Amino acid sequence: MATNESESYNHVRRRAKSVTRAEDIKIFEAKKRKSQPDKPCHKPRDSLFTWSSNFSNFTGFINWGFLLLFMGGIRLLLENLLKYGIRVDPEQWFIVLTGRQEGGPEHPSILLIIYSVVPVVLSLLIEKGLASEAIRTTPGIIAHVVNLAALVLLPMVVIHVNASGFSLVGATTVCSLYSILFLKLWSYVQVNLWCRLALHTTSKTHLRRQSLSAKSNLNTYSPNTE
């Protein structure tokens with residue numbers, strides 16, 4: 001029993017001595033590097049691939065991966081181009097995308113793009129009427145709903161009715177423009193509604209404070225009967 005205790009004690013002492021020795025070596029190496037005349041900027045530390053390094057910024061690896069993918073795609077493109085050449089007619093792409101040979105001379109895409117200013121002006125006029133209280137809240141909300149619904153439905157209906165007059169690029173541009181306008185006007189209407197509600201609440205609170213102060217002044221006022 002005593003032999004086992006002494007062995008375990010010696011084992012613990014040996015481990016403590018080895019740890020101390022490792023720390024001494026590390027401190028000695030650090031002092032030695034600091035004393036070098038070339039002023040080394042590197043220092044020993046844990047690998048970046050270990051959990052103890054606390055490294056979490058892998059942006060460089062992601063950029064490196066995208067660079068490899070880009071270079072591989074370019075190499076494949078050049079290889080196919082040199083091996084097979086250009087197998088399509090770029091002029092036909094231009095005709096399909098722009099619709100140069102489609103429709104008539106009315107250019108409905110350009111007309112819809114120009115008309116997109118009208119819903120914006122209508123929203124501005126409705127908001128001005130609501131701000132000046134020339135239009136009540138309920139009719140103003142109904143007008144906004146009708147305006148936004150017409151803004152969304154107009155390009156779809158026109159493209160469906162006159163599909164032959166639109167090219168791929170023209171229809172895509174019109175739909176994208178009207179979708180963006182719908183989101184912008186929706187945000188515009190909502191923000192103005194929040195501002196009006198906040199202003200109305202503030203004015204009601206201010207009027208209530210004025211009425212309470214006036215009432216307190218009447219209660220504290222005592223007329224002179226002399």
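Begin with the whole chain coloured by secondary structure: read from the N terminus, the elements of the protein run α-α-α-α-α-α-α, a total of 7 helices and 0 strands. Keep in mind throughout that this is a predicted model. With the full chain still selected, switch on a surface: the protein exposes about 19,200 Å², of which carbon and sulfur atoms supply 66%. Of the 226 residues, 13% count as buried. Among contacts with a separation of 6 or more, 66% are accounted for by residues 24 or more positions apart.

**Helix α2 and the nonpolar patch**

Select residues 59-84, which make up helix α2, the element that gives the most to a nonpolar patch, with 7 residues. To display the whole patch on the surface, select Leu 67, Phe 70, Met 71, Ile 74, Leu 77, Leu 78, Leu 81, Ile 86, Val 88 and Trp 93, which together have about 1,000 Å² of accessible area. Then pick out Leu 77, which is found in helix α2; because its relative accessibility is 53%, and the cut-off for exposed is over 50%, Leu 77 counts as exposed.

**A salt bridge within α2**

Stay on this helix and show the side chains of Glu 79 and Arg 75, which meet in a salt bridge with an N to O distance of 3.0 Å. These two residues are 4 residues apart in helix α2, so about one helical turn separates them. Arg 75 counts as exposed at 53% relative accessibility, whereas Glu 79, with a relative accessible area of 39%, is partly exposed.

**Helices α4 and α5**

Next, select residues 108-115 for helix α4 and residues 117-131 for helix α5, whose axes come within 5 Å and cross at roughly 15°. Angles under 35 degrees count as roughly parallel, and α4 and α5 are therefore roughly parallel to each other. Showing side chains here brings up the contact between them, made by Ile 113, Ile 114 and Tyr 115 of α4 and by Val 117, Val 118 and Pro 119 of α5.

Within helix α4, centre the view on Ser 109, which is buried, with a relative accessible area of 14%. Which residues does Ser 109 touch, not counting residues up to four places away in sequence? Select Phe 166, Gly 170, Ala 171 and Val 174 to see these partners of Ser 109.

**Asn 147 in α6**

Move to helix α6, residues 137-161, and select Asn 147 within it. Is Asn 147 buried or exposed? At 8% relative accessibility, Asn 147 counts as buried. Once its neighbours within four places in sequence are left aside, Asn 147 is in contact with Pro 119, Leu 122 and Ser 123. Pro 119 has already appeared on this tour, as one of the α5 residues in the contact with α4.

**A salt bridge between α5 and α7**

The count comes to 2 salt bridges, and the last stop is the pair formed by Arg 196 and Glu 127, whose closest N and O atoms are 2.7 Å apart. This pair links distant parts of the chain, with Arg 196 in helix α7 (residues 168-220) and Glu 127 in helix α5, 69 residues apart. Side chains of opposite charge can pair when their charged atoms come close. Turn on the surface again to compare the two partners: Glu 127 is buried, with a relative accessible area of 5%, while Arg 196 is partly exposed, with a relative accessible area of 23%.

Technical notes: Residues are numbered from 1 along each chain as its sequence is written. This is a predicted model: local features need pLDDT of at least 70, side-chain atom pairs count only at pLDDT 80 or more; totals for chains, interfaces and linings use all residues. Side-chain values use heavy atoms; hydrogens and water are left out. Patches are made of residues with over 30% relative accessible area and no salt bridge: like charges are joined within 9 Å, nonpolar side chains (Val, Leu, Ile, Met, Phe, Trp, Tyr) within 5 Å. Accessible areas come from the Shrake-Rupley method with a 1.4 Å probe; for residues, only the protein chains shown count as cover. A salt bridge is a side-chain nitrogen of Lys or Arg within 4 Å of a carboxyl oxygen of Asp or Glu. Buried means under 20% relative accessible area, exposed over 50%, partly exposed in between (1.4 Å probe, protein chains only). Axes are lines fitted to C-alpha atoms, for helices over the stretch in contact, and angles run from 0 to 180 degrees between N-to-C directions. Angles under 35 degrees count as roughly parallel, over 145 as roughly antiparallel, 65 to 115 as roughly perpendicular and the rest as oblique. Contact means heavy atoms within 4.5 Å.
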